[in-house]
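Work through the following exercises with the model in view, trying each task before reading its solution.

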Amino acid sequence: MAFAHLHVHTEFSLLDGSNKIKECVARVKELGMDSVAITDHGVMYGVIDFYRAAREAGIRPVIGCEVYVAPGSRFDREAGAGEDRYYHLVLLAENNEGYANLMKIVSRGFTEGFYYKPRVDYEVLEEFHEGIICLSACLAGEVQKELARDRYQEAREAALRYQKIFGKNNFFLELQDHGIPEQRKVNQQLMRLSQDTGIELVATNDVHYTFAEDAEAHDILLCIQTGKKLADENRMRYEGGQYYIKSEDEMKTLFPYALEALENTEKIAKRCNVEIEFGVTK
């Protein structure tokens, strides 16, 4: 199999993901994939349930988190406004040291950086970068935000900064396509950036529910989270119904121009080997 889902939100992305862990693992297996990641928003509550379910199904569990990165210091409480209070960033544990460091990063987000979201900063990432593979995340990622604003040089500087923190071959530029015009514009620039810097691409689907038909139920969940009604026009929504666990063929249809980015998902998954030992006091 040449594709693995590396950007996956479960039910533990509270009121944002409706993708139940056991359903997720079963669906991945049904599609013939042998690896899948968990990258919930800012938390790792679901990791143990996910690890057990994946191992029982014979699926490689890739343990990760989509963290929130403060634009300045994690201690700053007034930096930016709205969504500019933080950027998204996907972190995956490559080994047990990476798993331990990922837990430290996520904990620092709550104990030191909490401001609307559990935020970390470059200082925390630099301190605990060992054993972690980093993806540039969705349109809310720093690199993508700069590209969407036609600030190519700033996006390039951000990408090189992340590469410097995590090391060469440990940072990837993330392509996504959920039918949003802005994503297609950004993807073209990400490909240019990849050629310019040598940073490799990876293609993901921002999974928030298991099946395509779950889109309506997920939309209702978002209304519960935001205190809105389905009829409200100006509310948060995931347009297009594309945030489900797609097959390899569906992903190839989306990215015929970036097959190497699809293959990189499997290469990254195979690098991630965390072994959690149960029943032993450390």
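**Exercise 1.** Leaving aside its neighbours within four places in sequence, with which residues is Lys229 in contact?

*Solution.* The model is a predicted one, in which local features need pLDDT of at least 70 and side-chain atom pairs count only at pLDDT 80 or more, while totals for chains, interfaces and linings use all residues. Residues are numbered from 1 along each chain as its sequence is written, and side-chain values use heavy atoms, with hydrogens and water left out. Taking contact as heavy atoms within 4.5 Å, one finds Cys223 and Arg235 for Lys229. Lys229 itself sits in the loop between helix 8 (215–226) and helix 9 (248–254), helices being DSSP runs of H or I with at least four residues, numbered from the N terminus.

**Exercise 2.** Is Lys229 buried or exposed?

*Solution.* The terms rest on relative accessible area, with buried under 20%, exposed over 50% and partly exposed in between (1.4 Å probe, protein chains only). Lys229 has a relative accessible area of 61%, and is therefore exposed.

**Exercise 3.** Identify the residues with the most contacts inside the largest nonpolar core, and the helix that gives this core its largest share.

*Solution.* A nonpolar core is a set of buried Ala, Val, Leu, Ile, Met, Phe, Trp, Tyr and Cys residues joined through side-chain atoms within 4.5 Å. The largest has 64 residues, and Leu91, Leu125 and Val143 have the most contacts inside it. Its largest share, seven residues, comes from helix 6. Leaving aside neighbours within four places in sequence, the contacts of Val143 include Ala155, Tyr162 and Leu193.

How values were computed. Helices (H or I, at least four residues) and strands (E, at least two) are DSSP runs, numbered from the N terminus.
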